[in-house]
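Please work through the chain shown below with the coordinates open. The text goes from local pairings to a sheet and then to the spaces inside and at the surface.

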Amino acid sequence: MPEFDLLVIGGGPGGYVAAIRAAQRGLTVGLAEKERPGGVCLNWGCIPTKAMLRSAEVFQTVSAAADFGVYADDVRFDFAAVRQRKDGIVKELTDGVAGLLKANGVTVIEGHARFTGPTTVQVFEAGTSPIFAGGPRYAAAPGAAAVREITATDVIVATGSVPAVLPVPGADLPGVITSDGAFGLTEVPERIVVIGGSAVGAEWASLFHAFGAEVTVVEMQDRLVPLEDSAIGTALGRSFTKRGITVLTGSTVTGITEAAGALRVAVGGPQAREVDADVVLVGVGRRPNTAALDLDIAGIETDARGFIPVDDQMRTGVPHVYAIGDVTGKALLAHVASHQGLTAADAIAGHETHIDYAVIPAATFTHPEIASVGFTEEAARAAGHEIVTASFPFAALGRAKTFGDTEGMLKIVAGQRHNEVLGVHIIGPSASDLITEGALAISIEATLDELAGTIHAHPTLGEIGMEAALAGLGLPVHIAPPRKRPGGGSRA
């Protein structure tokens, strides 16, 4: 007889949520995890980076306290204390997840799991592995014997992702790190080159610049955060440049060498040059963390990129085997992994369920913050929508003025005929919190008229959605009316 009704491999925001939901549904559940529960999000991603970014934000705010009529002398930071605060937050949250698993009756098996069949695994004692170069991640210890064999009726693969490796000469030199390796830095480097201007690279660039590093960002596409609406990427590039970050878009790194006690980064493209740095951080994406799972033994197939294809109930091509989170390649976001975990657990427990990827908000915690949901202007046009776009600047918002942060805007993409909200894109203060209204608007098929007609509290940052909707209707109150343009297509 199987030892568990369900075995979850991986305890990240997808895996531990799936385990808890399945236990709530009455299943006996085991969870194999090779390090602390919480996965990349709690240990190496969402939480630790945001804790450090918050310290950077506080440092910047206190440094500019005189702008608020407050005077603080000898403002400085202690990077060791910043890291210690981060570690404390991570421990509190990972301990909390462990407590939740225990409270729900989930059996946690410590170690690295490998398939020996579709629904059977061996768990090995975990140890450091060169598979995860650039960060202290764990796989089976070399030569380790299996400490436990497990059978289950159903299995969920929830092993997440690891930073992608940069395929250029010199990428393996000391001082070249990934986002995981960045947490091992004990001091702020004087000079750092960040390769990749998407969310991961942009966040680290923002953080290190706030702490005084000389930062250069190299991005292959023509703008930063290239998956965002073009207006957002352009605005972030302007903001970074204004702050003193060197932004090299449309550029690639062709090699890294050691020179005069530093790392010399060769940049190719229209802004070709050589840049010296003490640290080079590679933030060019992530790849599925499946290399040491022996998926082939279980018959689990992957696509050309190494991700595991699944249906809308998270089933793989192997009966009784499911996959959730980053390993599916659907959207490498913690909140998507959690919803996939709930979906898979409910499906296994016999409940009718599926997941809808139509409305997925995303946030990037740079300064200024970025958040988005739905169609970009470019994607909406490519999908055949006739659209209008409207935007409203934080500089015209009373609360932003009092807040002392007026950089950025909110942009709405809407259907031209019915005014239905198709996308919302924000760069500015509290963007990650404000995006929820945009996600709800798309979910319930709200229109510009409905957003504009909803009374928003004043003075708040949240008013910006109402103000942008008014602009989209051609009825702006707190900005000048848009100039009429022949052919339509944009109202602000």
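Two strands count as paired here if DSSP finds at least two bridges between them. The model is predicted. On that basis, strand 4 (112-117) and strand 5 (residues 120-124) are joined by five bridges and run antiparallel. They form a hairpin, with two residues between the two strands. Within the pair, Ala-113 has Val-123 of strand 5 opposite it. In a regular strand, side chains point in turn to one face of the sheet and then to the other.

Strand 4 also borders an empty space. A search of the whole structure finds three cavities of 30 Å³ or more, and the largest has a volume of about 130 Å³. Its lining consists of 15 residues, of which Ile-9, Lys-34, His-112, Thr-159 and Leu-293 are the closest to the centre. Strand 2 (29-33) and strand 4 are the elements that give two or more residues to this lining. By type, the lining of the largest cavity holds seven nonpolar, six polar and two charged residues.

Further along the chain, a turn between two strands is worth a look. Ala-260 sits in the loop between strand 14 (252-259) and strand 15 (262-268). Its phi is near 50°, a positive value in a residue other than glycine.

The next stop is a sheet. Five strands make up this open sheet in the order 20-21-24-23-22, with antiparallel pairing. Strand 20 (362-364) and strand 22 (387-393) are the edge strands, each pairing on one side only. From one strand to the next, the twist averages 15°. At one edge, three bridges connect strand 20 with strand 21 (residues 370-374), and the two run antiparallel. One bridge pairs Ala-363 with Ala-371 of strand 21. The loop between strand 20 and strand 21 contains Pro-368, and the peptide bond from His-367 to Pro-368 is cis, with omega near 5°.

Which helices lie against these strands? Helix 12 (residues 431-443) packs on the sheet and touches strand 20, strand 21 and strand 24 (421-427). The direction of helix 12 makes about 10° with that of strand 21. Helix 14 (residues 463-472) lies across strand 22 and strand 23 (409-415), and runs at about 135° to strand 22. Ahead of helix 14, the loop that follows helix 13 (448-453) holds Pro-459. A cis peptide bond joins His-458 to Pro-459, with omega about -5°.

These strands and helices also enclose a space. The second largest cavity has a volume of about 80 Å³. Strand 23, strand 24, helix 12 and helix 14 are the elements that each give two or more residues to its lining. Helix 12 gives the most, with three residues. The residues lining the second largest cavity include Leu-410, Ile-412, Val-424, Ile-426, Leu-434, Glu-437 and Ile-464. The lining divides into seven nonpolar, three polar and one charged residue.

The second largest pocket comes last, and some residues already named return there. About 800 Å³ of space lies in this pocket. It is lined by 30 residues, and those closest to its centre are Glu-57, Gln-60, Thr-61, His-367 and Asp-405. His-367 is thus met twice: it precedes the cis bond to Pro-368 and it is among the residues closest to the centre of the second largest pocket. Helix 3 (46-63), helix 6 (199-210) and helix 7 (230-243) are the elements that give two or more residues to the lining of the pocket. The largest share, seven residues, comes from helix 3. The lining divides into twelve nonpolar, ten polar and eight charged residues.

What does Glu-57 form with Arg-54? The two form a salt bridge, with the closest N and O atoms 2.9 Å apart. Side chains of opposite charge can pair when their charged atoms come close. Both Glu-57 and Arg-54 belong to helix 3, where they are three residues apart, about one turn of the helix. A search of the whole structure finds 17 salt bridges, under a limit of 4 Å between the side-chain nitrogen and the carboxyl oxygen.

Definitions and conventions:
Residues numbered from 1 in each chain as written. Predicted model: local features only at pLDDT ≥ 70, side-chain atom pairs only at ≥ 80, totals over all residues. Heavy atoms only, no water. 1 Å grid on protein atoms, 1.4 Å probe; cavity = no way out; pocket = protein on both sides within 12 Å on 5 of 7 lines; lining within 4 Å. Points joined across faces, edges and corners; volume = space filled by probe spheres on them. Helix = DSSP H or I, 4+ residues; strand = E, 2+ residues; numbered from the N terminus. Nonpolar A, V, L, I, M, F, W, Y, C, P; charged D, E, K, R; others polar. Axes fitted to C-alpha atoms, helices over the stretch in contact; angles between N-to-C directions. Contact = heavy atoms within 4.5 Å.
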